[in-house]
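The following exercises concern a single protein chain. Each sets a task and then works through the solution step by step.

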Amino acid sequence: MNLNFLLYVQFPPWLKPEVIPGLPVRWYGIMYVFAFATAFFVYRIQVKERKYPMTDDQLSSLFIWGVSGLLLGARLFSTIIYYPDNTYLFKPWLIFWPFQNGKFTGLQGMSYHGGAFGGLLGVILWAKFKRFNFREVADMFSVAIPAGFTFGRIGNFINAELYGRATASPLGMLFPDASLLPAGESWVREIAEKTNIAITGAFVNLPRHPSQLYEAVFEGLILWGILWMLRRKKPFKGVLLGLYFFGYGFFRFFIEYFREPDSHMGYPIELMKNTLHTAYSHPPLSFSTGQILCFLMMLFGLIWIIIMSRMPDKEVTYYYSETKEDQTGNDDAAQRNKRRKLRKKLR
């Protein structure tokens with residue numbers, strides 16, 4: 001009886017990147033469709049429950065701007081940060097060219113950090129042109145995004161990419177196309193022995209942390225749940241956007257310790273020199289590119305919250321009144337608005 005399933009999880013052999021082998025349709029692209037549809041659905045729920053003055057046509061227009069900014073930002077940022085060899089600088093037309101060696105591959109290489117800021121810019125520009133309060137619009141967008149993000153990481157999982165470091169934990173998963181590790185290393189032999197994996201050559205495939213699924217849970221479902229619960233209790237406009245940037249950066253920063261950094265980038269910041277293989281060790285004082293960007297996201301989120309808390313007309317506008325508690329909130333907000341307008345007239 002094979003008991004290896006108690007030691008690690010085998011990557012599902014029936015999962016393939018292509019929906020139908022031989023056709024240029026990949027699950028990763030379909031996951032993007034699911035992600036955008038889910039975010040749209042969650043945003044629309046907020047509009048309806050708040051009775052927010054936004055039509056379906058305006059909502060569709062908003063998503064076109066937001067998604068366009070997200071895709072542009074994600075792709076451009078990826079080519080700038082993760083491909084520092086100037087490949088795209090001298091051949092910029094390849095940035096949005098979905099073919100490699102005559103085969104359709106889609107746009108491989110998207111940076112979520114760039115997508116977040118690109119999407120934010122798109123939403124701000126839309127709100128400015130359509131004369132909506134960008135803080136209210138961005139807050140609802142922030143609640144919707146993590147729900148869709150979950151599907152993006154599931155797409156990475158189906159592609160068997162962005163896997164984590166080698167581990168002997170029962171949560172480890174054996175990805176079929178993961179980078180092989182040198183069998184001569186003592187830590188490789190130790191993990192192989194603990195997981196009952198036979199070493200038959202100079203290199204061996206070991207179980208990895210399924211970090212894509214970790215991110216789907218924490219940066220997707222859990223972050224969405226937190227923001228969803230706070231959506232009707234926010235103290236001022238714009239706070240949810242700041243919490244989203246901080247929350248994503250926070251969760252991703254620590255999950256990066258389970259991920260293997262890109263082989264060509266390693267750790268840009270090493271306060272403690274790492275002499276072990278990056279597939280095995282991530283010292284606490286060594287920081288990957290993803291962690292640096294996450295720190296900047298957290299800093300941006302905190303600064304954004306501080307600025308939003310000091311902006312004029314920061315009081316939340318309530319459009320619904322379903323419970324006695326909500327009605328009290330409405331009355332308080334109305335009284336604050338009256339006092340604010342009276343102060344303006346007196347001035």
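## Exercise 1. Salt bridges

Arg 153, Glu 215, Arg 252, Glu 256 and Arg 259 form a network of linked salt bridges. The model is a predicted one, and 14 salt bridges are found in the structure.

**Task.** Determine which residues form salt bridges with Glu 136, and state whether Glu 136 is buried or exposed.

**Solution.**

Step 1. Arg 50 pairs with Glu 136, with the closest N and O atoms 3.1 Å apart. Arg 50 belongs to helix H1 and Glu 136 to helix H5, so this pair ties together parts that are 86 residues apart in sequence.

Step 2. Lys 234 also meets Glu 136 in a salt bridge, at 3.1 Å from N to O. Here Lys 234 lies in the loop between H7 and H8, while Glu 136 is in helix H5, and the two are 98 residues apart.

Step 3. Buried means a relative accessible area under 20%. Glu 136, at 2% relative accessibility, is therefore buried. Arg 50 is buried too, with a relative accessible area of 7%, and Lys 234 is buried with a value of 7%.

**Task.** Describe the salt bridge between Lys 194 and Glu 190: how are these residues placed in their helix, and is Lys 194 buried or exposed?

**Solution.**

Step 1. The closest N and O atoms of Lys 194 and Glu 190 are 3.2 Å apart.

Step 2. Both residues lie in helix H6 (residues 186-194), and because they are four residues apart, about one helical turn separates them. An α-helix has 3.6 residues a turn, so residues three or four places apart point the same way.

Step 3. Lys 194 is exposed, with a relative accessible area of 51%, whereas Glu 190 is partly exposed at 38%.

## Exercise 2. Helix H4 and the residue after it

**Task.** Compare the span of helix H4 with its expected span, and identify the helices against which its buried residues pack.

**Solution.**

Step 1. Helix H4 runs over residues 112-130 and has 19 residues. The expected span is 1.5 Å times one less than the number of residues, which gives 27 Å for H4. From first C-alpha to last, H4 reaches 26 Å, close to that expectation.

Step 2. The buried residues of H4 include the glycines Gly 114, Gly 115, Gly 118, Gly 119 and Gly 122. Also among them are Tyr 112, Leu 120, Val 123 and Trp 126.

Step 3. The packing partners of these buried residues are helix H2 (56-81), helix H5 (134-158), helix H8 (239-255) and helix H9 (289-309).

**Task.** Examine the backbone of Arg 131 and Leu 162: what is the sign of phi in each?

**Solution.**

Step 1. Most residues other than glycine have a negative phi.

Step 2. Arg 131, just after H4, has a positive phi of about 60°. Arg 131 is located in the loop between H4 and H5 and is exposed, at 78% relative accessibility.

Step 3. Leu 162 likewise has a positive phi, near 55°. Leu 162 is placed in the loop between H5 and strand S4 (173-174) and is partly exposed, at 32% relative accessibility.

## Exercise 3. Nonpolar cores and surface

**Task.** Identify the residues with the most contacts inside the largest nonpolar core, and state which helix supplies the largest share of this core.

**Solution.**

Step 1. The largest nonpolar core has 40 residues, and Tyr 43, Met 54, Leu 62 and Val 137 have the most contacts inside it.

Step 2. At least two residues of this core come from each of helix H1 (27-50), H2, H4, H5, H7, H8 and H9. H5 supplies the largest share, eight residues.

Step 3. Beyond its neighbours within four places in sequence, Tyr 43 contacts Met 54, Leu 59, Leu 62, Phe 63, Val 137, Met 140, Phe 141 and Ala 144.

Step 4. A second, separate core of 12 residues includes Tyr 8, Leu 181, Ile 191 and Leu 206.

**Task.** Which residues make the nonpolar surface patch of about 570 Å²?

**Solution.**

Step 1. The patch is made by Val 217, Phe 218, Leu 221, Ile 222, Ile 226, Met 229 and Leu 230.

Step 2. One of these residues, Ile 222, is in helix H7 (residues 211-230). Ile 222 is partly exposed, with a relative accessible area of 32%.

Conventions. Residues numbered from 1 in each chain as written. Predicted model: local features only at pLDDT ≥ 70, side-chain atom pairs only at ≥ 80, totals over all residues. Heavy atoms only, no water. Buried < 20%, exposed > 50% of the residue type's maximum accessible area, 1.4 Å probe, protein only. Contact = heavy atoms within 4.5 Å. Patch = residues over 30% accessible without salt bridge, like charges linked within 9 Å, V, L, I, M, F, W, Y side chains within 5 Å. Areas by Shrake-Rupley, 256 points an atom, 1.4 Å probe, with all protein chains shown as cover. Salt bridge = Lys/Arg side-chain N within 4 Å of Asp/Glu carboxyl O. Core = buried A, V, L, I, M, F, W, Y, C linked by side-chain atoms within 4.5 Å.
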